[in-house]
There are 2 protein chains.
Amino acid sequence: MSRAVRKHHGQAENEETRGTILRVAQELFMEYGYRAISTRQIAEACGLTQPALYHHFADKQQLYAAMAREELAKTGAALERIVKRKESTDERLRQVARYLLHTTRHDQSQMLHDIRRELDEETRASLTQAFQAGIVQPLCTLFKEGQGEGFLKTPAQGGIDPMTSLYLFLSMVSQFVSNRHGEHFAAVQGHEISATEAASMIVQTILYGLAR
Amino acid sequence: MSRAVRKHHGQAENEETRGTILRVAQELFMEYGYRAISTRQIAEACGLTQPALYHHFADKQQLYAAMAREELAKTGAALERIVKRKESTDERLRQVARYLLHTTRHDQSQMLHDIRRELDEETRASLTQAFQAGIVQPLCTLFKEGQGEGFLKTPAQGGIDPMTSLYLFLSMVSQFVSNRHGEHFAAVQGHEISATEAASMIVQTILYGLAR
DNA sequence: CCTACCGATCGGTAGG
DNA sequence: CCTACCGATCGGTAGG
């Protein structure tokens with residue numbers, strides 16, 4: 001019985017350490033990128049030695065992949081929740097933008113860069129699929145619905161296809177994220193705005209444009 | 001005389017080698033980023049040994065900085081030429097987008113990432129200024145003119161300030177660049193479009209939006 | 001989960 | 001412009 005308790009306790013600690021590593025890896029990898037962060041930096045921030053990481057993950061790439069999958073799943077769940085709501089397309093777009101702006105302390109485009117350029121074929125394929133499922137699919141649904149309702153222009157009406165629309169939308173969001181200072185975003189020089197205001201600017205611009 | 005000729009010859013060769021290094025560094029750094037490219041890779045692609053680079057540039061960072069300055073000056077000259085033309089704002093915007101799409105084989109955002117995260121304070125400040133002068137200033141003029149003419153909405157009219165406008169515009173261009181395959185750009189799945197078509201899509205979207 | 005250590009590669013220097 | 005080499009750091013392994 002004492003053995004069983006101790007064993008159970010050991011497993012819980014194991015799980016906890018694994019969770020700590022993932023959390024720390026997420027903060028560092030997302031902020032600085034795959035290549036810029038060493039396994040020793042991650043270990044130190046966890047209060048571990050570097051070889052201890054290899055008890056929990058096969059190698060650096062697998063650690064990155066596990067972190068990215070968790071992150072994408074979390075974002076994906078949130079986006080699906082928003083997209084399912086019974087509100088207007090532009091309101092849901094604003095909510096998506098606001099969510100991405102103040103939860104992802106990282107840049108979406110940094111993760112895409114790492115997936116495309118730093119990982120081997122197999123891991124890349126797996127994470128590309130997770131990105132499609134978590135981010136692209138919910139947003140694609142939203143833009144398709146908008147076109148179906150007649151709120152957004154279809155390509156035949158001089159608009160653009162849902163897939164390209166969503167990537168342009170994401171790139172605008174990333175632009176604000178990479179110019180963020182703390183909790184606020186740079187707008188005009190010297191003037192800072194909140195995530196909610198930034199989300200409104202992005203959605204206003206992509207929906208109605210800059211022209212009069 | 002023979003000495004003078006030889007000396008002159010030697011200097012010319014020196015300049016040529018320096019030019020080769022800059023050209024090779026531009027292709028590699030712009031495609032893969034500062035950190036991903038080693039000084040040995042650059043030297044090898046030039047047909048040199050790695051220590052030979054240090055005859056032409058003080059260190060890796062200075063090599064990157066020289067390359068980036070040249071690149072920004074070239075882009076800046078082109079953008080200024082376009083902005084000065086006596087054509088409509090939207091036509092000039094299209095020309096700017098087309099120029100950026102098919103001359104820069106790299107991502108503008110990759111250079112910004114390197115400037116912000118891989119270089120020390122002094123180099124970063126210098127290149128940030130070069131970026132402002134070469135890219136931001138000409139585009140800011142264009143957007144300001146558009147607002148002055150009444151073609152673009154001013155912030156008071158529900159539009160956004162020229163500086164934010166230009167960054168959003170650049171992020172849309174970068175989005176297409178990072179999804180480029182060879183000479184063409186991904187649009188709808190399986191359908192590829194030219195730089196000219198991509199430029200039109202970007203400008204159409206940022207000016208008039210996706211809504212009907 | 002640790003100590004100790006590996007081979008590879010990095011940016012950069014010495015000396016000619 | 002080369003050969004030879006430096007110290008630092010990388011991802012990862014051995015062995016307990």
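In chain A of this predicted model, strand S2 (residues 184–186) is joined to S3(A) by two bridges, and the two strands run antiparallel. One bridge can be named: A:Phe185 has A:Ile193 in S3(A) as its partner. The pair belongs to an open sheet of three strands, ordered S1-S2-S3, with antiparallel pairing. Strand S1 (180–181) and strand S3 (192–193) of chain A are the edges, and each pairs on one side only. In general, the strands of a sheet pair through backbone hydrogen bonds, in parallel or antiparallel fashion.

Chain B also has an open sheet of three strands. Its order is S1-S2-S3, and the pairing is antiparallel. Here the edge strands are strand S1 (180–181) and strand S3 (192–193) of chain B, each pairing on one side only. Take the S1 side of this sheet. S1(B) and strand S2 (residues 184–186) of chain B run antiparallel and are joined by two bridges. B:His181 finds its bridge partner in S2(B), namely B:His184.

Now step back to the whole of chain A. It holds nine helices and three strands. Read from the N terminus, the elements run α-α-α-α-α-α-α-α-β-β-β-α. The C-alpha atoms of chain A fill a box of roughly 70 × 40 × 35 Å along the principal axes.

Next comes helix packing. Two packed helices are described by the angle between their axes and by the distance between the axes. Start with H4(A) and helix H7 (residues 121–148) of chain A. Their axes come within 9 Å and cross at roughly 10 degrees. Angles under 35 degrees count as roughly parallel, and H4(A) and H7(A) are therefore roughly parallel to each other. On the H4(A) side, the contact residues include A:Ala65, A:Ala68, A:Leu72, A:Gly76, A:Leu79 and A:Val83. H7(A) answers with residues including A:Leu127, A:Ala130, A:Phe131, A:Gly134, A:Ile135 and A:Leu142. By class, the contact of H4(A) with H7(A) has 14 nonpolar, seven polar and two charged residues.

A second packed pair in chain A is helix H8 (residues 162–178) with helix H9 (residues 195–208). Their axes come within 10 Å and cross at roughly 145 degrees. The crossing of H8(A) and H9(A) is right-handed. H8(A) brings A:Leu168, A:Phe169, A:Met172, A:Val173 and A:Phe176 to the contact, while H9(A) brings A:Ala198, A:Ile202 and A:Ile206. What is the make-up of this contact by class? It has eight nonpolar residues, no polar and no charged.

The protein chains also meet each other. In this interface, 34 residues of chain B are in contact with 34 residues of chain A. On the chain B side, helix H6 (108–117), helix H8 (162–178) and helix H9 (195–208) each supply at least two residues. H8(B) gives the most to that side, with nine residues. The side of chain B that touches chain A divides into 17 nonpolar, 12 polar and five charged residues.

That leaves the DNA. Strand C is surrounded by 15 residues, and the closest are A:Thr17, A:Ala52, B:Ser38, B:Pro51 and B:Asp59. Helix H1 (2–32) of chain A and helix H2 (39–46) of chain B are the elements that give two or more residues to this surface. The surface near DNA strand C comprises five nonpolar, six polar and four charged residues.

Turn to DNA strand D, which 16 residues surround. The closest to strand D are A:Ser38, A:Pro51, A:Asp59, B:Thr17 and B:Ala52. Which elements give two or more residues to the surface near DNA strand D? They are helix H2 (39–46) and helix H4 (60–84) of chain A, together with helix H1 (2–32) of chain B. H4(A) thus appears twice in this account: it gives residues to the surface near strand D, and its axis comes within 9 Å of that of H7(A). The residues near DNA strand D divide into five nonpolar, seven polar and four charged.

Key:
Residues are numbered from 1 along each chain as its sequence is written. Chains are lettered from A and ligands numbered from 1 in the order in which they are written. This is a predicted model: local features need pLDDT of at least 70, side-chain atom pairs count only at pLDDT 80 or more; totals for chains, interfaces and linings use all residues. A residue is near a molecule or strand if its C-beta atom, placed from the backbone, lies within 6 Å of it. Helices (H or I, at least four residues) and strands (E, at least two) are DSSP runs, numbered from the N terminus. Ala, Val, Leu, Ile, Met, Phe, Trp, Tyr, Cys and Pro count as nonpolar, Asp, Glu, Lys and Arg as charged, and the others, Gly among them, as polar. Axes are lines fitted to C-alpha atoms, for helices over the stretch in contact, and angles run from 0 to 180 degrees between N-to-C directions. Angles under 35 degrees count as roughly parallel, over 145 as roughly antiparallel, 65 to 115 as roughly perpendicular and the rest as oblique. Two residues are in contact if their C-beta atoms, placed from the backbone, lie within 7 Å. Two strands pair if DSSP finds at least two bridges between them. A crossing is left-handed if the near helix is turned anticlockwise from the far one by less than a right angle, and right-handed if clockwise.
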